[in-house]
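Q: I'm new to this one, so could you pick a single part and walk me through it slowly? Plain language is fine.

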Amino acid sequence: MGPLLLQHEREAVAAVCRSLAAEGLVAGTSGNVSARSGDHVAVTPTGGVLAELTADDVAVVDLEGSLVEGPFEPTSEIGLHLGVYERYDAGGVVHTHPPTATALSCVVDEVPCVHYEMLRLGGPVPVARYETFGTPQLAETVLDALEGRTAVLMANHGALTYAADPEAAADLTRLLEWACNVYWRAAAIGTPRALGEEERQAVVDAALTRGYGQTKEAKT
């Protein structure tokens with residue numbers, strides 16, 4: 001038997017699912033992950049236990065959502081994933097139900113930018129209005145809320161992030177859950193201070209000037 005179609009992407013999707021499950025960011029069959037390569041998308045199967053997923057389990061669909069290869073049908077949220085790929089420059093999409101982010105999605109309309117690391121998410125994280133899972137209405141409201149962002153909360157549901165590949169999208173999911181934890185803890189004490197536009201721009205300028213996040217050779 002030859003290699004699977006989108007072998008690398010299917011392995012990446014399965015590995016991200018297992019990692020997120022081990023970290024408690026997904027549970028059971030909840031949540032879904034995908035990776036795009038050209039005109040095909042590798043995506044978690046409907047009803048798959050994410051902690052046990054292997055590359056062989058991952059479905060491959062075309063950009064219309066039709067199954068091309070794999071033993072199982074794709075996730076019921078396939079329309080949401082395909083919408084992100086069509087509208088944004090994404091190579092990986094991660095949808096999860098992280099505990100703190102999901103809790104906040106039941107309460108707030110936006111998670112303010114309380115830490116400069118949130119600029120990797122686009123700044124304040126909006127909460128898309130509630131719609132039934134797997135529906136075109138949910139995809140539409142999430143896609144609109146993602147404008148200018150790489151992360152969004154879904155009211156009374158969970159979270160979605162996208163990036164160049166599923167591993168990077170998963171890292172944004174981890175950052176989002178961390179930021180939600182920071183905001184929740186701060187709000188338990190008082191009214192959290194949020195970074196304004198000028199402060200956020202100053203962070204961007206400083207990062208560009210100093211090469212923030214990049215390793216530098218030591219001067220001898």
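A: Let's start with strand S1, residues 32–37, and strand S2, residues 40–43: they run antiparallel and are joined by four bridges. Keep in mind that this is a predicted model. You can pick out individual partners across that pairing. Arg36 has Val41 of S2 as its bridge partner, and Ala35 sits opposite Ala42, also in S2. Follow the chain from S1 into S2 and you go round a hairpin, with two residues between the strands. Gly38 is in that turn, and its phi is positive, about 65°.

Now look at the other neighbour of S1. S1 and S5 are antiparallel too, again with four bridges between them. On that side, Asn32 stands opposite His95 of S5. In general, the strands of a sheet pair through backbone hydrogen bonds, in either a parallel or an antiparallel way.

Stepping back, where does S1 fit in? It belongs to an open sheet of nine strands with mixed pairing, and the order reads S4-S3-S2-S1-S5-S9-S8-S7-S6. The edges are strand S4 (67–69) and strand S6 (110–111), each of which pairs on one side only. Packed on this sheet is helix H1, residues 7–22, which touches S1, S2, strand S3 (59–62), S4 and strand S5 (92–96). The direction of H1 makes about 155° with that of S1.

Notes: Residues are numbered from 1 along each chain as its sequence is written. This is a predicted model: local features need pLDDT of at least 70, side-chain atom pairs count only at pLDDT 80 or more; totals for chains, interfaces and linings use all residues. Side-chain values use heavy atoms; hydrogens and water are left out. Two strands pair if DSSP finds at least two bridges between them. Contact means heavy atoms within 4.5 Å. Axes are lines fitted to C-alpha atoms, for helices over the stretch in contact, and angles run from 0 to 180 degrees between N-to-C directions.
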